[in-house]
Amino acid sequence: MKRWLCLSLCLALLLCGCQSAPETQDTPPSTQQTEQAYPEDATVVGVCFPQSDGIWADRFAFWESALEELGYYGVLRDAQSHAFLQMQQVEELVDKVDLLVIAPLDSAMLSLSLASAQIPIIAYDSMLTDTD
């Protein structure tokens, strides 16, 4: 019940004028949400950050190169400073990756999405609250 209430509230706020920023040329290609086929035995790591500009651009570049150097496949997501978008991205990634690294915008909102996740989750830069 709480999940539906939270989702309804977020959707209402979104429809009341909270729009995501238009994509610009400054967005690194690694943050684009494109599907890619991975080898069956590949380890896929999801990285979900609040944004991809400023200091986060360096962090995106670091994670992308580090994962590649270690032989892992990275799926990077940019929430564009929108907690609801990040929640959607997390819900998508928990079913597609073997490990999730996340810098949460709204820990309480994400706790609902992460409650049933069957993968390891690493909180990066901020703590995740209300999770096991």
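Reader: Which sign does phi take at Gly71, just after H2?

Author: The phi of Gly71 is positive, at about 90°. This is a predicted model in which local features need pLDDT of at least 70, side-chain atom pairs count only at pLDDT 80 or more, and totals for chains, interfaces and linings use all residues. Residues are numbered from 1 along each chain as its sequence is written, and side-chain values use heavy atoms, with hydrogens and water left out.

Reader: Why is H2 called a helix, and what span is expected of it?

Author: A helix is a DSSP run of H or I with at least four residues, a strand is a run of E with at least two, and both are numbered from the N terminus. H2 covers residues 55-70, which is 16 residues. The expected span is 1.5 Å times one less than the number of residues. For H2 that gives 22 Å, and the 23 Å from its first C-alpha to its last is close to this.

Reader: What makes a residue of H2 buried or exposed?

Author: Buried means under 20% relative accessible area, exposed over 50%, and partly exposed in between, with a 1.4 Å probe and protein chains only. In H2, Trp56, Arg59, Phe60, Trp63 and Leu67 are buried. Seen down the axis of H2, these buried residues fall within an arc of 105°, so they line one face of the helix. The arc is taken from the directions from the helix axis to the C-beta atoms. The face turned away from the buried side carries the exposed residues Asp58, Glu68 and Glu69.

Reader: Which strands do the buried residues of H2 pack against?

Author: They pack against S1 (44-49), S2 (73-78) and S3 (99-102), where contact means heavy atoms within 4.5 Å.

Reader: Why is S1 described as largely enclosed?

Author: Of the 6 residues of S1, 6 are buried, so the strand is largely enclosed by the rest of the structure. Val44, Gly46 and Cys48 point one way, and Val45, Val47 and Phe49 the other way.

Reader: How do you know that S1 pairs with S2 and S3?

Author: Two strands pair if DSSP finds at least two bridges between them. S1 and S2 have 6 bridges, in the parallel sense. S1 and S3 run parallel with 4 bridges. Cys48 has Arg77 as its bridge partner in S2 and stands opposite Ile102 in S3.

Reader: Which hand does the β-α-β crossover from S1 through H2 to S2 have?

Author: This crossover is right-handed. The term applies if, with the strands pointing away from the viewer, the path from the first strand over the helix to the second runs clockwise.
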